[in-house]
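Trainee: I would like a close look at one part of this model. Please take me through the place where the two domains meet.

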Amino acid sequence: MAAPGENLKINGDRLWDSLMEMARIGPGVAGGNNRQTLTDEDSEGRHLFQRWCEDAGMTMGVDEIGNMFARREGTDPDALPVYVGSHLDTQPTGGKYDGVLGVLGGLEIVRTLNDLGIQTKHPIVVTNWTNEEGTRFAPAMLASGVFAGKHDLDWANDRVDAQGKRFGDELERIGWKGPEKVGDRKMHAFFELHIEQGPILEAEGKDIGVVTHGQGLRWIECTVTGKESHTGSTPMSMRRNAGRGLALITELVHEIAMKNQPNAVGAIGHIDVYPNSRNIIPGKVVFTVDMRTHLLDKLNGMVDELMARAPALCADIGVEFSAEIVGQFDPPAFDEGCVTAVRDAAERLGYSHMDIVSGAGHDACWINDIYPTAMVMCPCVDGLSHNEAEEISKEWATAGADVLMHAVVETAGVQG
């Protein structure tokens, strides 16, 4: 496909105004947003997005899990569409840009093409994936996971929130259960624009992150078993302290992650201590190790080292160790052709850029399993996300959307 001219740019002011207008729906308490999935606020945001898409001449389709697909026709009725998008739902204390930039950046592509009278061979479809965040209904990336065949639709509909409300019931309640069978749509390619949610691009002074891989993850639930006893009257030499086992494994996880740099991380985030009393030495500690990296062999090697070394560390202090993997996601390598389109777009437009690995999960990670996919990232201030203080600049948003548009339009084919 021919590359679009370097003078093809989106309207940054219009994109920014759209971001600010969407942010008025489901305002948070500290300047961000609380527009959790399948709430009334989510429905209101969806209606605004639909109205904007229809005003731009697109037709809206909705599938049975609430994914929204706004289509701009191409000149070839038989050509598979190029999809672009992200998600409109937020964390309970979320920011104004996480996900939303990718959806409204896709809309801005269509608006710009309309302004300039540019037609593409392939249709362009702007997508809002349902429940990317997974904060109200676990797991994250739920609807794109059903679309990609990773989850069963009935299983997804049976997910419940903290109040016991079913996903399927809430989807019907807000009026966004559509008629389309999930996953029936075919794609030529998929592109997603997202804020980095990390500090690397800002620290390196780069406008654009060309995402080559996503991180894979392993969640390993570990149990260290010792013996409960009185903290005051049990001699130090006779203690079987499960908490000490936790401390040793915490350091082990850090050591393993540091040994596998770059782009490897590891930490213990969730800990339950039993009996959790001030004057009882812990008899049992249950905790989850989160390990992530973008190379499958490296990821498996990190887990293997943990499993090999932790039992001996615990045995040395008189406690027992057991573990099982309770969550896993193999690292996606994004499509080389789509990644090249993103990198070439940044070069053509004169934006500074670097290859980057996504530290968070995204809908693109599931879609990448079934169709050619790539991601574009822009910086965010201090790498802060999933926080109402999340912030980006209009210039960063504009650069990301410019690169997104060039990659999408090149892939969709310019007519004329």
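Mentor: Here is a walk through that meeting place, starting with the domains themselves. The model is predicted. Its chain is divided into two domains. Domain 1 takes in 12–214 and 331–415, while domain 2 covers 216–329. So much for the layout; next comes the spacing. Over C-alpha atoms, the centres of domain 1 and domain 2 are 36 Å apart.

Now the contact itself. Nine residues of domain 1 touch nine residues of domain 2. Together the two domains bury about 660 Å². Carbon and sulfur atoms account for 74% of that area. On the domain 1 side, three residues stand out: His213, Pro331 and Val357. They supply 62% of the area that domain 1 buries against domain 2, more than any other three residues.

What about charged and polar links? Between domain 1 and domain 2 there are zero salt bridges. The count of residue pairs in polar contact, both at pLDDT 80 or more, is also zero. Look next at the elements on the domain 1 side. β6 (208–214) and α11 (363–367) each give at least two residues to the side that touches domain 2. By class, that side of domain 1 has six nonpolar residues, three polar ones and no charged ones.

Last, the record. An unreviewed UniProt entry lists residues 215–309 as "domain: Peptidase M20 dimerisation". In the model, this span is 34% helix and 37% strand. The C-alpha atoms at the ends of residues 215–309 lie 24 Å apart.

Terms used. Residues are numbered from 1 along each chain as its sequence is written. This is a predicted model: local features need pLDDT of at least 70, side-chain atom pairs count only at pLDDT 80 or more; totals for chains, interfaces and linings use all residues. Side-chain values use heavy atoms; hydrogens and water are left out. Domain bounds come from an automatic or database domain assignment. Contact means heavy atoms within 4.5 Å. Buried area is the accessible area (1.4 Å probe) that two parts lose on being put together, summed over both. A salt bridge is a side-chain nitrogen of Lys or Arg within 4 Å of a carboxyl oxygen of Asp or Glu. A polar contact is a pair of N or O atoms within 3.5 Å; within protein, one must be able to donate a hydrogen and the other to accept it, and residues adjacent in sequence count only if both atoms are side-chain atoms. Helices (H or I, at least four residues) and strands (E, at least two) are DSSP runs, numbered from the N terminus. Ala, Val, Leu, Ile, Met, Phe, Trp, Tyr, Cys and Pro count as nonpolar, Asp, Glu, Lys and Arg as charged, and the others, Gly among them, as polar. UniProt positions are given in the numbering used here, feature names are shortened, and annotations may be inferred rather than shown by experiment.
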